[in-house]
Amino acid sequence: MPRLPTANDLGRRPIPRARISVASVPDPDEIGNAIARLGETVTRVGQERMEKADRLAYATSSADVDAENIRLQDALRDDPDFETIEQRFREGMSSAVARNAANLKDKLDRQVFEAQARVQVARGVAQIRQIASGKRRSAQAGAANTALAQTESTFVRSEDDIGRKAAAQTAREAISGAVASGAFTAEEAAAKQLAWDQRAHAGRANYLQASDRFDEAEDYLSNNEGLMSAEDVTRIRQNITMRGREKFARAIGDATEAWGRGEANAPSPSTFAPPVAGRVTSVIGDARPNGRVHGGIDLAVPEGTPVLASAPGKVVAVWNDEKNGGGLSMRVDYGNGVVMGYAHLSRQNLKVGDTVNAGEAIGTSGSTGRSTGPHLHWSATVGGKKVDPRSIGKMGAPPAYGASLDDWRAFARAAALTADPNASIAKLDAAEDEAQRRYALWKADRNEEQDRLESDFTIKVSRGELAYNDVEAAYRTGRISPSARSRLTLALDSEREKQSDIGNFYKMTGTPGFAFNPFDDKQKKAVNAAVKSMGGGPGAAFEVWKKTGLLAEDGAVAIRGGLVSTDEEKVQVAATIASNMMAGNPNAFAGVEGGEEIEKSALLFSHYINDLGFNADQAAAKVAAQNTPEMKRKVVAAQPEITAFRQKIQKTNVSEKLSSAFGGWFTVNPKFTAPEQKLAAAQDYADLASDHFAQHGDAAAAESYALAQMKKLYGPVNGRLMKYPPTNIYPPVDGDQSYIFQQAANDVKAVTGRKIAPENIYLTPIPTATAEAFRAGRPTPYAVHYIDEVDGQTVYRVLNGKAFLADPSAAVKGATAEHGAEFTRRRNAQRYQQMSLRELGAQFPRRAGESLGAYQVRLGNIQWNGAE
């Protein structure tokens, strides 16, 4: 009898008792079996309910940890204390994990839950670290930007080179620190440094001009123009000019009024005495060896000579002018806009802010800074504009370079009032008339000097000895006119562009495997510049052509000029070069202005030498003779002979001539495929020969020229003769022109999806379009015909709706890449061959499972091939 289930078997859960009637239990064994089955069912139901409860608890705990993760990240994302957010995130998540793990009764469930929670915490920590890193980077970038702004302000206001250098160094260190900390990328750092340099230098120049220190601002602008943006330079220079003129005008008015009132501190001829008694060795406006203009006068005196104040004033600057080479320098403000400077001192007696009396020693002369010997550099400004210090309060010298007639009149009036404060209107008018007369004389001298200097500058431009700063310095001081400035600037622009093109030329010719593209404007400019730099003659054009395959425009002009000359020597040089070029490339003059005339003369020259046995001198003499007007008139008179020649030449079997010309010992002579092609070729031949005969009157030369031209117009393409063959217009790349047909096959595949072998591609001319492009030397369009195979049958097809143009540039890129890879391999092979097997083994270790013999063979291949 089966065992009755116990309470343990039923999962210790109460079991509902079923009402069983005696009549329904026929046998006691059946009762026991039923009770057993009931116990098993109750046990299974109880286990399923417990598993559902455990799964619900697990899911609830996981959801709670997920929610806590999201809550903590959202809360900490905007927390300013980014240094501790990782720690606080870990603490919050640990608490959430522990709290929810305690809710799981099953030990295995708790272990799996805690393991998954650790993974989730690790991911959350990575995200929190990324947030903290971003905040840290932003904070560091902000600190660096603040430091840059502070150093920029320090740089702008610093009155000595040492202070500005220190500020610039601090800025560089701030940027470097930001890069090291990850606040700036390398690209951002470079942009920050450039922007800082431009702002700092522009700010310094602005600060000087805003302080009415116009000459200093102008000098600073000239010395640091390359460190500022072009917009800043233009704007600052305009401000200097405008505000300088305004202050100059005010200073003149103030001086005139002070002189008229007879005030003691007003500048006058008697109050401004020279600071030393010495010989004048240089005056304002002289050109210096460094290209700048002398801003004062030099007085030769022994070292240690006392330098005396010219009038009562106040010391406004004391410094060591290392940047401009002035050495120990001082500046004294004498009032009414008059400031004088003293440079190359051996000693400075006063400091900034000290007052001086007329005749008081402010220092001693010397030879500090850039100096060739003991002397005093004495300069002066009136209203911020440079003037000759000897002219202050006097008549005769211009108040400033480029001063207007009104400026002269104002100074003349001031001088008259100085001499007689009660001067009448008539005396003042007479003084202004005298100023006008002297102004006219000075202006005439200035115009003559401007013309001479422009001529000198033009020569220096061609020699590469002139810079933009030289032109600007001369313009600012009135030594050249505005129109001369524009002309010289354009000349410098042209020279700079030429040098850039020459640099491109040598860069291209120095690149392994580089092939020049005759349709690339940049490359053509580089070729033209190279020819000009070599003298621009036929020889220069030929040397550049040998390297590039391109004929420069100037070279073509020079060759054409030589060939049409009546000078036998010029004809021989030009004809020899043209013949050599055509021997190397029959299309050397295609698309060149006057190319047909060059070809005719060159072929005529070659005909005399190769066919008639002339030497080069005799051939040149004959060509030169035919260039004379007399010979040309003779050709015109020979028209009946020309007609007879054409009738004869039309009987020539041109098809056989061309077939033989393009055939050979080991090749099948190409043929025309249609009768109309033969007729067209015969017509072309007759036209070419008759035209040449009319020009030169030589039947044999005319036939030779006609055949040569036909060989350029016609050619073999895949065994067939055709006009305007693509192999004659598109240049070879790496000595091969197969790329033309491969690119056409690629076009077929792109349009139809059919893969056609390049040898089954035929390119045929497009009416008018192909001929025009071919004669002009431009990329020539063709229609694509090809042989396809469909179901075992050969089918001739046309690629409709698409004109084909070959792309030499794409082929050049591929060839250049192949050359570069080959160059790298050879270079590596040379390096590996100098290494011992031990050194080579260290660089290429033995692979897992590789036998010693196989490893040694592999190392040997690497050593001699340069690659695995």
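**Exercise 1.** In this predicted model, locate Glu-850 relative to helix 27 and helix 28, and decide whether Glu-850 is buried or exposed.

*Solution.*
Step 1. Helix 27 covers 837-843 and helix 28 covers 852-865; Glu-850 sits in the loop between them.
Step 2. The relative accessible area of Glu-850 is 15%.
Step 3. The cut-off for buried is under 20%, so Glu-850 counts as buried.

**Exercise 2.** Find which backbone nitrogen lies 3.1 Å from a polar atom of the Glu-850 side chain, and which residues Glu-850 contacts once neighbours within four places in sequence are left aside.

*Solution.*
Step 1. The backbone nitrogen belongs to Arg-847.
Step 2. With those neighbours set aside, Glu-850 is in contact with Tyr-855 and Arg-858.

**Exercise 3.** Work out which strands pair with strand 6 (residues 338-348), and over how many bridges.

*Solution.*
Step 1. Strand 5 (residues 327-333) runs antiparallel to strand 6, and five bridges join the two. Within this pairing, Met-330 has Tyr-342 of strand 6 as its bridge partner.
Step 2. Strand 9 (residues 376-382) is also antiparallel to strand 6, with six bridges. Here Gly-341 is matched with Ser-379 of strand 9 as bridge partner.
Step 3. Strand 8 (residues 361-365) is joined to strand 6 by three bridges, again antiparallel. Leu-345 stands opposite Ser-365 of strand 8.

**Exercise 4.** State how many of the 11 residues of strand 6 are buried.

*Solution.*
Step 1. In strand 6, eight of the 11 residues are buried.
Step 2. The strand is therefore mostly covered, taking buried as under 20% relative accessible area.

Key. Residues are numbered from 1 along each chain as its sequence is written. This is a predicted model: local features need pLDDT of at least 70, side-chain atom pairs count only at pLDDT 80 or more; totals for chains, interfaces and linings use all residues. Side-chain values use heavy atoms; hydrogens and water are left out. Buried means under 20% relative accessible area, exposed over 50%, partly exposed in between (1.4 Å probe, protein chains only). Helices (H or I, at least four residues) and strands (E, at least two) are DSSP runs, numbered from the N terminus. Two strands pair if DSSP finds at least two bridges between them. A polar contact is a pair of N or O atoms within 3.5 Å; within protein, one must be able to donate a hydrogen and the other to accept it, and residues adjacent in sequence count only if both atoms are side-chain atoms. Contact means heavy atoms within 4.5 Å.
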